[in-house]
Amino acid sequence: MSDLATQEETRAFGRTMARELTPAEIDAVAGAWSQTITCPCQIQEIGDDYLISGTDDGSD
Amino acid sequence: MTAPILIHSFPNDVHAAAVGWALRQLGAEVFFWPSGAFPAVQGLTTEISSAGDVRQSVRVQDTRTDLPRCKTVWHRRRKPAFLSRSLSPKDIDFVERECRAHLNSTPRLLSPDAFWVNPPRAAEQDIYKPIQLRTAATVGFSIPDTLFSNDPGEIRGFYDRHGGDIIYKAYRGATWAGEEGLGDKIAMGFTTTLRRDDLANDAALAAAPGIFQRKLAKDHEVRVTVMGRTLTAAKILSQGDEATQADWRLGYQNLRIAPIALPADIAAKCRDYMERARLNFGCFDFVVDPNGHYHFLEINQMGQFLWKEILRPDLPLLQMFCDFLIAADPQFEWHERDPRVTFKGYLESEEGRAFDDRIRNRRPAPSAAALS
């Protein structure tokens, strides 16, 4: 179990079980598959003054 | 002029970029409607006249374009609302609800006679995994015992009933970035084998529902990509590497796949499922146990498919998918031929190299220019 689950702030179980990957690890493990779901560039292309809300309707 | 094929996705979606490029290579007209900028930097309008005529427009920065009547709509990836940080927190709930209503209703009026991949109602219905499993059982697929719950007692009971041999996965692909302590890492959810200790924190378990499923003995896995009546199946050899035993996505770099012919009964059930779910496109995931029996895990109604062509260039999925969109036929059957467009060809093209450069160097996408 990750330390995240024992901190005072409650983190959702899904977050406590998530793998924390560096960008290089993501490239290495997921390759072309990952570009469409993990790339944070969309935030940057619009700028840091915006928030994503809600849930992506994506699919693996 | 022929009616265009509309692609609705976010600008950094490599599938959308590659398919758009390939369609143009094949002479099709493409209209790209970028998602992920509404409402912060994208205006989206629907006007309905007293006669019931519908006009819809999208504006990105200073460029406004009417959404065209289309032959085919590839409803690839719709992103949620993008809100300005300057928006008062007191208004966020209101703005989110309004945006959701607008985003949900806009596509339903867009080219109602077009061929949709996938029809919005079918797509929305099928993202819910409990519904998938019920439909899968109805068509005769074998499915594993599965619990969808945020009740810690139920979850631990399920764990105990299955002798601790269960996995956890989320309803939806999940990523976290920008958290304190994460640095430049991204936290990603994968299918995970559980231990009893993982289930100790009631607050964490109760915070959100999860999917808990009996762990299946695997010989290998199979992904079936369906386009109309055409099924392309590949065996995924996930069990030789510990990293990919629970979730093959964790070892993409070393993943080995091989095209296979599906057993006739499994192919028939896939087609039956697609008809019942009213889907034109989808990617089925199966586990094949050591006795050769197929077990349905899920279907991704807008799954990724070009990775298979990268691993096996003899699976011409880009050409096949373009032919599918151009044919605009739910009964589409692909007839094998040498592909005129390939994913490798896209990646080596000027457009593909520019896309890759933008992703790797985190350069802004030309959102406004994409509106055409």
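# Salt bridges, a buried strand and backbone exceptions

User: What is the relative accessible area of B:Asp314?
Analyst: In this predicted model, B:Asp314 counts as partly exposed. That class lies between the buried limit of 20% and the exposed limit of 50%. The relative accessible area of B:Asp314 is 45%.

User: Which residue meets the side chain of B:Asp314 in a salt bridge?
Analyst: The contact runs from N to O over 2.8 Å. The partner is itself partly exposed, with a relative accessible area of 25%. The residue is B:Arg312.

User: Which residues are joined into one network by salt bridges that share partners?
Analyst: The network is made by salt bridges with partners in common. Its members are A:Arg11, A:Arg15, A:Glu20 and B:Glu179.

User: How far apart are the closest N and O atoms of B:Glu179 and A:Arg11?
Analyst: These two residues form a salt bridge. B:Glu179 lies in the loop between strands S11 (175–177) and S12 (186–188) of chain B, and A:Arg11 in the segment before helix H1 (13–16) of chain A, so the pair joins two chains. B:Glu179 is buried at 19% relative accessible area, and A:Arg11 is buried at 16%. The closest N and O atoms are 2.7 Å apart.

User: How many salt bridges does a search of the whole structure find?
Analyst: The search covers all chains. The pair B:Glu179 and A:Arg11 is a salt bridge, and so is the pair B:Asp314 and B:Arg312. Over all chains the number found is 21.

User: How many residues apart in sequence are the parts tied together by B:Asp285 and B:Arg223?
Analyst: The side chains of B:Asp285 and B:Arg223 meet in a salt bridge, at 2.9 Å from N to O. B:Asp285 belongs to strand S18 of chain B and B:Arg223 to strand S15 of chain B, so the pair ties together parts separated in sequence. B:Asp285 is buried at 10% relative accessible area, and B:Arg223 is buried at 1%. The separation in sequence is 62 residues.

User: Why is strand S15 of chain B described as largely enclosed, and by what?
Analyst: In a regular strand, side chains alternate between the two faces of the sheet. B:His220, B:Val222, B:Val224 and B:Val226 point one way from S15(B), while B:Glu221, B:Arg223, B:Thr225 and B:Met227 point the other way, and all are buried. Eight of the eight residues of S15(B) (residues 220–227) are buried, so the strand is largely enclosed by the rest of the structure.

User: Which residue of S18(B) stands opposite B:Val224?
Analyst: S15(B) and S18(B) (residues 281–288) pair in the antiparallel sense, over eight bridges. Within S18(B), the residue opposite B:Val224 is B:Phe284.

User: Which residue in the turn between S15(B) and S16(B) has a positive phi?
Analyst: S15(B) and S16(B) (residues 230–236) are antiparallel and share seven bridges. B:Met227 has B:Thr230 as its bridge partner in S16(B). The two strands form a hairpin with two residues between them. The turn residue with a phi of about 60° is B:Gly228.

User: Which backbone nitrogen does the side chain of B:Ser35 reach?
Analyst: B:Ser35 sits in the loop between strands S2 (30–34) and S3 (42–48) of chain B. B:Ser35 is buried, at 4% relative accessibility. At 3.2 Å, its side chain reaches the backbone nitrogen of B:Phe10.

User: What is omega for the cis peptide bond from B:Val117 to B:Asn118?
Analyst: Most peptide bonds are trans. A cis bond joins B:Phe38 and B:Pro39, with omega about 0°, and B:Pro39 lies in the loop between S2 and S3 of chain B. The bond from B:Val117 to B:Asn118 is also cis, with B:Asn118 in the loop between strand S8 (115–117) and helix H3 (120–126) of chain B. For the bond from B:Val117 to B:Asn118, omega is near -5°.

User: Is B:Ser111 buried or exposed?
Analyst: Phi of B:Ser111 is positive, near 45°. B:Ser111 lies in the loop between helix H2 (92–109) and S8 of chain B. With a relative accessible area of 3%, B:Ser111 is buried.

User: What is the relative accessibility of B:Arg278?
Analyst: B:Arg278 has a positive phi, near 60°. Its place is the loop between helix H7 (264–277) and S18 of chain B. B:Arg278 counts as exposed, at a relative accessibility of 63%.

Notes: Residues numbered from 1 in each chain as written. Chains lettered and ligands numbered in written order. Predicted model: local features only at pLDDT ≥ 70, side-chain atom pairs only at ≥ 80, totals over all residues. Heavy atoms only, no water. Buried < 20%, exposed > 50% of the residue type's maximum accessible area, 1.4 Å probe, protein only. Helix = DSSP H or I, 4+ residues; strand = E, 2+ residues; numbered from the N terminus. Pairing = 2+ DSSP bridges. Salt bridge = Lys/Arg side-chain N within 4 Å of Asp/Glu carboxyl O. Polar contact = N/O pair within 3.5 Å; in protein donor to acceptor, adjacent residues only side chain to side chain.
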